[in-house]
Amino acid sequence: MSDKSMGLWLGQVEFSGFGGYPEKMASALISCGVQLRRVKFGDGTISGIVSPTDYWTTAVTARRYGVRIRAGKRRGLYFTAIRYSRRVGLYLGALAFVMILALNSSHIQDIELRSSTGLSASQRSQIMTILDECGLQKGKPSGTDTKAAESRIMLELPEASWVDVSVVGFRVVADVETVTPKPEMLNSSVPCNIVASRAAAVISHTVRQGALVTETGSGVPEGGLLVSGIVTDGAGNITYHHASAEVIGEFTETQEFFVPYRETVKLADGEVTEFTWLEFEDESLPLFWGSAEVADAVYEEQTEPIRVFGHRTPLSLRRGRFTAYRSVDVVRSADDCIDLLSGLMADFEENFYSEYEIVSCEKTAVPEDEGIRMKAVYTLRGNIAKEQEIFIGEGN
């Protein structure tokens with residue numbers, strides 16, 4: 001019999017009996033739909049466990065078959081409720097707690113801005129204004145759509161490179177990542193040369209400090225000297241400077257992309273299983289039956305403080321969500337492969353070539369037995385200047 005039947009969840013009653021026909025009694029109970037658990041037969045005896053709602057049927061059936069029965073230990077929610085049935089305040093408090101929790105969960109109570117790259121005070125103020133104008137503010141329903149806010153933040157905040165606005169319970173969480181700042185340059189007091197970060201043809205240059213070594217139109221290898229920080233005047237005197245320049249170079253790179261005709265992919269969009277725990281300090285009370293474990297799934301977790309009328313309580317709710325993987329056999333046509341290759345190339349260019357100007361891109365699609373391979377020859381332009389410290393007395 002299932003241990004998870006509703007009757008046994010509510011409570012359990014142990015019984016024992018002797019005399020008469022115990023086997024016939026058990027058969028009759030099963031036929032009536034009574035769920036018996038841990039049934040044991042001895043020499044004219046029977047014992048087991050039934051739910052409180054089935055005990056009366058068990059007693060009547062035992063009498064019918066001449067079995068003398070008596071109840072043993074009683075435990076479970078049903079008997080706990082009876083034990084505290086006179087404590088009306090306890091139940092009213094629990095009911096009020098549930099109602100307050102439900103009310104707070106249906107309306108926004110808190111707004112959190114997060115960013116691993118950091119946000120200035122003006123950026124935070126601008127984001128909060130956008131959220132407010134899109135209806136994401138305290139006291140508003142938590143079911144408000146967040147897509148409009150995401151679009152506006154991306155459009156109105158030039159520094160934003162990635163935005164995700166979501167409503168988690170009664171909290172609005174806005175994750176905003178800004179453009180990663182360029183690496184810190186060498187201290188301006190440190191003598192340095194400007195060298196090429198990669199092999200390229202020099203297209204143009206703007207020298208702010210130092211002596212230009214490579215002219216426009218010439219080629220330079222990776223690490224080749226572009227602007228020297230060692231300057232000699234007309235009298236033959238040598239001085240050391242922190243060279244500063246912007247040198248635009250043109251270079252080519254070849255990339256390959258491949259998409260198969262047939263592929264088995266795992267998508268994390270299957271059945272969603274959620275578990276909730278009530279937490280107080282280091283204690284966790286599971287608000288579910290069984291174990292919180294789902295095989296072959298993606299797990300996400302959020303912890304939210306419980307607030308009553310806007311005030312934070314020592315209690316919190318921890319929600320775990322398992323999203324099962326779903327295996328899908330994908331069969332693509334040649335056109336499907338070409339479309340997907342175009343998407344892969346666009347993502348690659350956005351992630352790796354955003355700092356360069358793409359002058360041209362020669363694409364060649366090569367059909368193979370297993371799929372289509374795309375070869376792309378990019379011609380790129382960008383700043384190839386790289387600072388390199390001059391170590392005086394050690395050669396240059």
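The exercises below, each with a worked solution, concern the predicted model shown above.

Residues are numbered from 1 along each chain as its sequence is written, and side-chain values use heavy atoms, with hydrogens and water left out. Because the model is predicted, local features need pLDDT of at least 70 and side-chain atom pairs count only at pLDDT 80 or more, while totals for chains, interfaces and linings use all residues.

**Exercise 1. The whole protein**

State how many helices and strands the protein has, and what share of its residues is buried.

Solution. Begin with the secondary structure, where helices (H or I, at least four residues) and strands (E, at least two) are DSSP runs, numbered from the N terminus. Counted in this way, the protein has eight helices and 24 strands. Next comes burial, for which a residue is buried under 20% relative accessible area, exposed over 50%, and partly exposed in between, with a 1.4 Å probe and protein chains only. Of the 396 residues in the protein, 30% are buried. Finally, take contacts, meaning heavy atoms within 4.5 Å: among those with a separation of 6 or more, 66% join residues 24 or more positions apart.

**Exercise 2. One face of a helix**

Find which residues of helix α2 (residues 22-31) are buried, and explain why they line one face.

Solution. The first step is to list the buried residues of α2, which are Pro-22, Met-25, Ala-26, Ala-28 and Leu-29. The second step is to look down the helix axis: the buried residues fall within an arc of 165°, so they line one face of α2. The arc is that of the directions from the helix axis to the C-beta atoms. The third step is to ask what this face meets, and the buried residues of α2 pack against β1 (12-18), β2 (37-41), β3 (45-50), α3 (52-64) and β4 (68-75). Helix α3 has buried residues of its own, namely Pro-52, Asp-54, Tyr-55, Thr-58, Ala-59, Thr-61 and Ala-62.

**Exercise 3. Positive phi**

Locate Arg-38 and Asp-296, and give the phi and accessibility of Arg-38 and of Asp-296.

Solution. Recall that most residues other than glycine have a negative phi. Arg-38 lies in strand β2, has a positive phi near 55°, and is exposed, with a relative accessible area of 52%. Asp-296, found in the loop between β18 (283-286) and β19 (297-308), also has a positive phi near 55°, but its relative accessible area of 46% makes it partly exposed. Glycines can then be added to the list: Gly-33, which follows α2, has a positive phi near 90°, and Gly-66, just after α3, takes a positive phi of about 75°.

**Exercise 4. Two crossing helices**

Describe how α6 (residues 121-133) and α7 (residues 147-156) cross, and name the residues that make the contact.

Solution. Start with the axes, which are lines fitted to C-alpha atoms, for helices over the stretch in contact, with angles that run from 0 to 180 degrees between N-to-C directions. The axes of α6 and α7 come within 9 Å and cross at roughly 145°. The contact is made by Gln-126, Ile-127, Ile-130, Leu-131 and Glu-133 of α6, together with Ala-149, Arg-152, Ile-153 and Glu-156 of α7. A further step takes us to Leu-157, in the loop between α7 and β6 (160-168), which is buried, with a relative accessible area of 1%. Leaving out residues up to four places away in sequence, Leu-157 touches Gln-123, Gln-126, Ile-127, Arg-152 and Val-176. Leu-157 and Gln-123 are 34 residues apart in sequence, yet their C-alpha atoms are 7.7 Å apart in space.

**Exercise 5. Partners far along the chain**

Compare the surroundings of Phe-251 with those of Leu-340.

Solution. Phe-251 is found in strand β15 (residues 244-260) and is buried, with a relative accessible area of 5%. Not counting residues up to four places away in sequence, Phe-251 touches Arg-198, Ala-199, Ala-200, Tyr-356, Tyr-378, Thr-379, Leu-380 and Ile-384. From Phe-251 to Tyr-378 there are 127 residues in sequence but 8.2 Å in space, C-alpha to C-alpha. Leu-340, by contrast, lies in helix α8 (residues 334-352) and is partly exposed, at 36% relative accessibility. With neighbours within four places in sequence set aside, Leu-340 is in contact with Val-259 and Arg-332.
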